[in-house]
Amino acid sequence: MVIMAMSTSSPVFQPVLDRIAAEIEHTPERGRPADYIPALAACDPRRFGMAVAELDGTVYGVGDWRQPFSAQSLTKVFTLALVLAREGDALWEHVGREPSGNPFNSLVQLEYENGIPRNPFINAGALVVTDRLHTQTGDTVGTLLDFLRAESGNARLAINKDVAASESAHGDRNAALGHFMASYGNIGNPVPVLLDQYFRQCSIEASCADLAVATGFLARHGIRADGTRLLTRSQAKQVNAVMLTCGTYDAAGEFAYRVGLPGKSGVGGGIIAVVPGRCTLCVWSPGLDERGNSVAGVAALERFTTLTGLSVF
């Protein structure tokens, strides 16, 4: 049931966020943190934050919405946009646009698809995108940080070195993916260099407020916070489409069914989502389900679209 109709001129998001936070507080099952990355395993699964950013950067929040957390796979959206802006459709010769149906770190499909990852958001695909951005810029992480700082307005965004070290120490599966794709000629940089860039990329910390605002260019159809264009309208549509179909690992169908928005999750417990032409969201709660998505995060986004009526459907 829709409890309020959102005016196109001045949405009032705060009462909705307050109601969602109160409901989430009484949710008994909150999942478990990502224990395969030791630096994330100690996170309290009952922490919760949520932010909504309007197109002009006005942001509303609730709970731990200003608490920095490990962005992890949320960064894949931004590297994808940065590469797509630079090379356009040539990117899709190296990575596909289809849901995988397999876990995010699976090696299975690469064997019979000749080293071409199924989409940019599984780990193999993200490694290809990171590799291409590194070839183009010489510094994937620096380029990404500059972009996120500019879009969020937070110059203090940085890498958590402990998380990066933890990722590196437990990164054998990603190393295998990188070497396997390199054997097919789909990686241009030395794999150790690529892995260092990738682990540090995933270890960037930002808050719900930072990430909701930084994602705004996708709601503005490719226009950055300063009014310049990063993506064409068609390219912004493409990124949103891939988020909808591939952004929540092998639970993308369930996410589309429940939430009805383009979204991207990360095993740090964050999820970003886009209402094209209206607003962007970020929710964080470290407890994950068996597919790697935040339990409270998905529930909160489902309530948001139900209560506001804002959805792409």
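Hi everyone. Let's begin at His-221, which sits in the loop between helix 11 (216-219) and helix 12 (233-246). Before I go on, please keep in mind that this is a predicted model.

What is unusual about the backbone of His-221? His-221 has a positive phi of about 60° although it is not a glycine. For background, most residues other than glycine have a negative phi. His-221 counts as partly exposed, because its relative accessibility is 23% and the buried class ends under 20%.

Now move along to Tyr-249, in the loop between helix 12 and helix 13. Tyr-249 is not a glycine, and its phi is positive too, at about 60°. Is Tyr-249 buried or exposed? With 6% relative accessibility, Tyr-249 counts as buried.

Next, let's look at the strands. Strand 1 (residues 49-54) and strand 2 (residues 59-63) run antiparallel, and five bridges join them. One pairing you can find on the screen is Val-52 with Tyr-60 in strand 2. Together the two strands form a hairpin with four residues between them. In the turn, Gly-57 has a positive phi of about 95°.

There is also an open sheet of three strands, with the order 3-5-4 and antiparallel pairing. Which strands stand at the edges? They are strand 3 (69-70) and strand 4 (158-159), and each has a single partner strand, so one side of each is left without a neighbour in the sheet. Strand 4 and strand 5 (residues 204-206) are joined by two bridges. Within that pair, Ala-158 has Glu-205 as its bridge partner.

On to the inside of the protein. How many residues does the largest nonpolar core have? It has 62, and Phe-78 and Leu-231 are the ones with the most contacts inside it. Helix 3 (residues 75-87) gives the most to this core, with seven residues. If you click on Phe-78 and skip residues up to four places away in sequence, you will find that it touches several residues, including Leu-144, Phe-147, Leu-211, Phe-217 and Ile-272. A second, separate core has 28 residues, among them Leu-17, Val-52, Leu-261 and Cys-279. So Val-52 turns up twice today: in this second core, and in the hairpin as the partner of Tyr-60.

My favourite residue here is Asn-119, in the loop between helix 4 (108-112) and helix 5 (123-137). Asn-119 is buried, with a relative accessible area of 1%. What does its side chain reach? A polar atom of the Asn-119 side chain lies 2.8 Å from the backbone nitrogen of Phe-121, and the backbone nitrogen of Ile-122 lies 3.1 Å from a polar atom of that side chain. Leaving aside neighbours within four places in sequence, Asn-119 is in contact with Val-95, Gly-96, Arg-97 and Cys-246, among others. Asn-119 and Met-243 are 124 residues apart in sequence, and their C-alpha atoms are 9.9 Å apart in space.

Since Cys-246 came up, let's talk about cysteines. As a reminder, a disulfide is a covalent bond between the sulfur atoms of two cysteines. How many disulfides does the structure hold? Zero. For Cys-43, the nearest cysteine sulfur is that of Cys-208, 13 Å away. Cys-43 is partly exposed, with a relative accessible area of 28%. Cys-246, by contrast, counts as buried at 3%. Its closest cysteine sulfur, in Cys-202, is 17 Å away, which is too far for a bond.

Let's finish with helix 14 (residues 295-308). Where does it begin? At its start, a side-chain oxygen of Ser-294 reaches to within 2.9 Å of the backbone nitrogen of Gly-297. At 1.5 Å a residue, the 14 residues should span 20 Å, and the end C-alpha atoms are 20 Å apart, which agrees. Helix 14 is mostly covered, with 10 of its 14 residues buried. Among the buried ones are Val-298, Leu-301, Phe-304 and Leu-307. What do the buried residues of helix 14 pack against? They pack against helix 1 (14-25), strand 1, helix 13 (252-258), strand 7 (270-275) and strand 8 (279-284). Just after helix 14 comes Gly-309, with a positive phi of about 80°.

That's my tour. Thanks for listening!

Key
Residues numbered from 1 in each chain as written. Predicted model: local features only at pLDDT ≥ 70, side-chain atom pairs only at ≥ 80, totals over all residues. Heavy atoms only, no water. Pairing = 2+ DSSP bridges. Core = buried A, V, L, I, M, F, W, Y, C linked by side-chain atoms within 4.5 Å. Buried < 20%, exposed > 50% of the residue type's maximum accessible area, 1.4 Å probe, protein only. Contact = heavy atoms within 4.5 Å. Polar contact = N/O pair within 3.5 Å; in protein donor to acceptor, adjacent residues only side chain to side chain. Disulfide = S-S within 2.5 Å. Expected span 1.5 Å × (residues − 1).
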